[in-house]
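Visitor: I am new to this structure and would love a friendly tour. Could you show it to me and then take my questions?

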Amino acid sequence: DLMLPQLYINHHLSAKDKLSAGFSISGEHFYISPGRADLPATCMYSRSNLRPEIVYEHGMTPLTKLFLKGGSTICINSRLYSSSGNSRYMDISQKPSFFMQVGVSYGIMGM
């Protein structure tokens, strides 16, 4: 499945079980007040993440699925800019974080 900014390869283990592996790319931008004398009162923070993951889905009923997700969030870039975005003040280093998620989803329409 390719839905930019995502790419997943799916394998149906059985009629009710599916295993997927892939990644997504996301970004966020927002304004912050860093509270430092060497920076302006308001700055723009920008971060882009790469999120590789493996997903297992089990169809409990035609409308309900159990899912297990595991992977990591890898920061591609993390920067502090002027509020206009024209001046870059600093790059911020972030280590990858790992995650495990268990959930149940319910759809109104069966597939």
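Guide: Welcome! One term will help us: a residue counts as buried when its relative accessible area is under 20%, as exposed when over 50%, and as partly exposed in between. Please also keep in mind that this is a predicted model.

Visitor: Which element of the chain has the lowest mean pLDDT, and which the highest?

Guide: For the chain, the mean pLDDT is 91, and 95% of its residues reach 70 or more. Among the elements, the lowest mean, 64, belongs to strand β1 (residues 2-3), and the highest, 96, belongs to strand β7 (residues 97-106). The names asked for are β1 for the lowest and β7 for the highest.

Visitor: Is Cys-43 buried or exposed?

Guide: Cys-43 is found in strand β4. The C-alpha atom of Cys-43 is separated by 8.4 Å from that of Gly-85, 42 residues apart from it along the chain. With a relative accessible area of 0%, Cys-43 is buried.

Visitor: How many disulfides does a search of the whole structure find?

Guide: A disulfide is a covalent bond between the sulfur atoms of two cysteines. To count here, the two sulfur atoms must be within 2.5 Å. The cysteine sulfur closest to that of Cys-43 is in Cys-75, 17 Å away, which is too far for a bond. The search therefore comes back with no pair within 2.5 Å, and the number of disulfides is zero.

Visitor: What about Cys-75: is this residue buried or exposed?

Guide: In the pairing of β4 with β5, Cys-75 of β5 stands opposite Asn-49. The relative accessibility of Cys-75 is 17%, and the limit for a buried residue is under 20%. Cys-75 therefore counts as buried.

Visitor: How many bridges join strand β2 to strand β3?

Guide: Strand β2 covers residues 6-12 and strand β3 covers residues 17-32, and they run antiparallel. A hairpin of four residues leads from β2 to β3. Across this pairing, Asn-10 stands opposite Ser-20 in β3. The number of bridges joining β2 to β3 is seven.

Visitor: Which residue in β4 is the bridge partner of Ser-20?

Guide: β3 also pairs with strand β4 (residues 43-59), in the antiparallel sense and over 16 bridges. Lys-18, for instance, stands opposite Glu-57 in β4. For Ser-20, the bridge partner in β4 is Val-55.

Visitor: And over how many bridges do β4 and β5 pair?

Guide: β4 and β5 form a hairpin, with four residues between them. Their pairing is in the antiparallel sense. The bridges between β4 and β5 number 15.

Visitor: Now to the charged side chains. In the salt bridge of Arg-51 with Glu-53, which residue is buried and which is partly exposed?

Guide: The closest N and O atoms of Arg-51 and Glu-53 are 3.7 Å apart. Arg-51 has a relative accessible area of 30%, whereas Glu-53 has a relative accessibility of 8%. The buried residue is Glu-53, and the partly exposed residue is Arg-51.

Visitor: Which parts does the pair of Arg-79 and Asp-91 tie together?

Guide: The side chains of Arg-79 and Asp-91 meet in a salt bridge, with 2.9 Å from N to O. Arg-79 lies in strand β5 (residues 64-82) and Asp-91 in strand β6 (residues 88-91), so the pair ties together parts that are 12 residues apart in sequence. The parts are strands β5 and β6.

Visitor: Which residues do salt bridges that share partners join into one network?

Guide: Start with Lys-65, which forms a salt bridge with Glu-57, the closest N and O atoms being 3.5 Å apart. Lys-65 is partly exposed at 29% relative accessibility, while Glu-57 is buried, with a relative accessible area of 19%. The residues joined into one network by shared partners are Lys-18, Glu-57 and Lys-65.

Visitor: Last one: about how much accessible area does the nonpolar patch on the surface have?

Guide: The patch is formed by Leu-7, Phe-23, Ile-25 and Ile-76. Leu-7 lies in strand β2 and counts as partly exposed, at 37% relative accessibility. Together, the four residues of the patch have an accessible area of about 330 Å².

Notes: Residues numbered from 1 in each chain as written. Predicted model: local features only at pLDDT ≥ 70, side-chain atom pairs only at ≥ 80, totals over all residues. Heavy atoms only, no water. pLDDT = per-residue confidence, 0-100. Helix = DSSP H or I, 4+ residues; strand = E, 2+ residues; numbered from the N terminus. Buried < 20%, exposed > 50% of the residue type's maximum accessible area, 1.4 Å probe, protein only. Pairing = 2+ DSSP bridges. Patch = residues over 30% accessible without salt bridge, like charges linked within 9 Å, V, L, I, M, F, W, Y side chains within 5 Å. Areas by Shrake-Rupley, 256 points an atom, 1.4 Å probe, with all protein chains shown as cover.
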